[in-house]
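Open the model in a viewer and keep the selection panel at hand. The stops below are meant to be taken in order.

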Amino acid sequence: MNGQAEKARHEWDFTLSKLITSTSRASNTSDTLGAVELDPSNRLLATGGIARKIRIYNLTNNDALSADHADICICVPAKLSSLCWRPEPGSRVGRVVCAGDYDGVVTEYDVERSTPLSERDEHGGRRVWSVDYSRAQHQHPLGASGSDDGTAHVWDARSSSEGLKIKRGSPVCCVEFDPAGSGLIALGCANQKAYVYDVRRVGEPVTVFDGHRKTVTYVRFLGEGRMVSAGIDGCLKQWEVVGSGEGGVGRVVRTYEGHVNERRFVGLSVWREGGLMGCGSESGEVFVYDLRWGEPIWIGAFSGGGGGDGQFVSGVCLRGGGGGGVGMEEVVGEKCTLVAGGSDGDLMIFVGDRKMSSSLGFGDC
């Protein structure tokens, strides 16, 4: 394991591919984006936030320069804090998007028809911060939601019946299933800790991650027993799991600092195969970190930039491939797409190109 003293190598160039501006300035309304999510094909981009709209952009043929020209716009009854595309067996193109809202409701929407398919109201009217789906192959997906009510709910996406409830007692700000399909789910909580549970036995967490000084806003699986978390203490932390079964603990492997995060949700997205992470900042910038080094490898100004007018980056999505439907298998890890959404409602889409060949294994992290 390399020490943090090694200086970060800036192996990636990011260039702005598209800017989609909000119309909120002209109408003097708020259009803060709470979520930006690419579907598995990297073709469809979904956004949602304060404006009570889910906007869908087809990146293969969309020339929109304004949010008013989204390919699909679904009006919803409440402000949105989170979105997630439902996995579709045998297809990489998203057809259903799930939304968690400020009124504590989780709703699935048919994108093509712009209509709701199902609705779950199990959080007592308290804000839903996060939604996710399991991605185990050959299984119907499970859904999950985390809320201000101090619980995470896990449910069968095929059924309207109430599912499992994980009680934490403190607001659950993030839920994420293990993408490897292990049956594990991670929670990030306002009590400054993150947890991993086995959905088959939700009585006690199998791992506890204790090291942030403030609310844990995001937690992501990295694979091979590694996790990464974000907190409003202004840092990201990479963890490795020590111990197995109930009672496991997380050991901090590396701390990532550079972005500003003291109050708000600024987004965290991980491209596992490429070893990169993207996050926003209250400084009005978007940051990219390489898992191997604690300092950022790229910083981009967002729209006007600088954060001097109170604007901040509120959501990010980082994927392998160059966008517009270019898949990871076509570029072999040499290209990626970074989408950033701002508190002003603007969207910026960057394409990243690797400057030199480099292999990343978790033994180097």
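Select Trp 129 in this predicted model. With a relative accessibility of 17%, Trp 129 counts as buried, because the cut-off for that class is under 20%. Add Phe 265, whose relative accessibility of 23% makes it partly exposed. Which way are the two rings arranged, stacked or edge-to-face? The ring centres of Trp 129 and Phe 265 are 4.4 Å apart and the planes lie at 10 degrees, so this pair is stacked. The two residues are 136 apart in the chain: Trp 129 belongs to strand S10, while Phe 265 is in the loop between strand S21 (248–257) and strand S22 (268–271). The structure has eleven aromatic pairs.

Stay with S10 and display its sheet. Four strands form an open sheet in the order S10-S11-S12-S13, and their pairing is antiparallel. Strand S10 (128–133) and strand S13 (164–167) are the edges, each pairing on one side only. From one strand to the next, the twist averages 15 degrees. Inside the sheet, select residues 142–147 (strand S11) and 151–156 (strand S12): five bridges join them in the antiparallel sense. Across this pairing, Gly 146 faces Ala 152 of S12.

Two charged side chains come next. Select Arg 127 with Tyr 102: the arginine lies over the face of the tyrosine, 3.8 Å from the ring centre. Then select Arg 168 with Tyr 195, where the charged end of Arg 168 sits over the ring at 3.9 Å from its centre.

Move on to the largest nonpolar core, which has 19 residues. Colour Phe 14, Leu 276, Ile 297, Trp 298 and Leu 338, the residues with the most contacts inside this core. At least two core residues come from each of strand S1 (12–20), strand S24 (285–290), strand S26 (313–320), strand S27 (335–342) and strand S28 (347–354). Centre the view on Leu 276. What does Leu 276 touch, not counting residues up to four places away in sequence? Its contacts include Trp 12, Val 288, Ile 297, Leu 318 and Cys 336. Now show Trp 12, Phe 14, Trp 271, Trp 298 and Phe 350, which form one aromatic cluster.

Apart from the largest core lies another, of 14 residues, including Ile 56, Val 76, Leu 80 and Val 111. Use Ile 56 to find the next stop: Ile 56 is in S4, as the bridge partner of Ala 46. Strand S4 (residues 53–58) is mostly covered, with five of its six residues buried. On one side, S4 pairs with strand S3 (residues 44–49) in the antiparallel sense over five bridges. The hairpin of S3 and S4 has three residues between the strands, and Arg 52 there takes a positive phi near 60 degrees.

S4 also pairs with S5, again in the antiparallel sense, over four bridges. In that pairing, Arg 55 stands opposite Cys 73 of S5. Finish the local view at Cys 75, in strand S5 (residues 72–75). Is Cys 75 buried or exposed? Its relative accessibility is 61%, so Cys 75 counts as exposed. Between the C-alpha atoms of Cys 75 and Arg 52 the separation is 6.1 Å, although their positions lie 23 residues apart along the chain in sequence numbering.

Finally, zoom out to the whole chain. The chain holds two helices and 28 strands, and 58% of its 365 residues count as buried.

Conventions:
Residues are numbered from 1 along each chain as its sequence is written. This is a predicted model: local features need pLDDT of at least 70, side-chain atom pairs count only at pLDDT 80 or more; totals for chains, interfaces and linings use all residues. Side-chain values use heavy atoms; hydrogens and water are left out. Two strands pair if DSSP finds at least two bridges between them. Axes are lines fitted to C-alpha atoms, for helices over the stretch in contact, and angles run from 0 to 180 degrees between N-to-C directions. A nonpolar core is a set of buried Ala, Val, Leu, Ile, Met, Phe, Trp, Tyr and Cys residues joined through side-chain atoms within 4.5 Å. Buried means under 20% relative accessible area, exposed over 50%, partly exposed in between (1.4 Å probe, protein chains only). Contact means heavy atoms within 4.5 Å. Rings of Phe, Tyr and Trp (its six-membered ring) pair if their centres lie within 6.5 Å; planes under 30 degrees apart count as stacked, over 60 as edge-to-face and the rest as tilted. A charge sits over a ring if NZ of Lys or CZ of Arg is within 6 Å of the ring centre and within 35 degrees of the ring normal.
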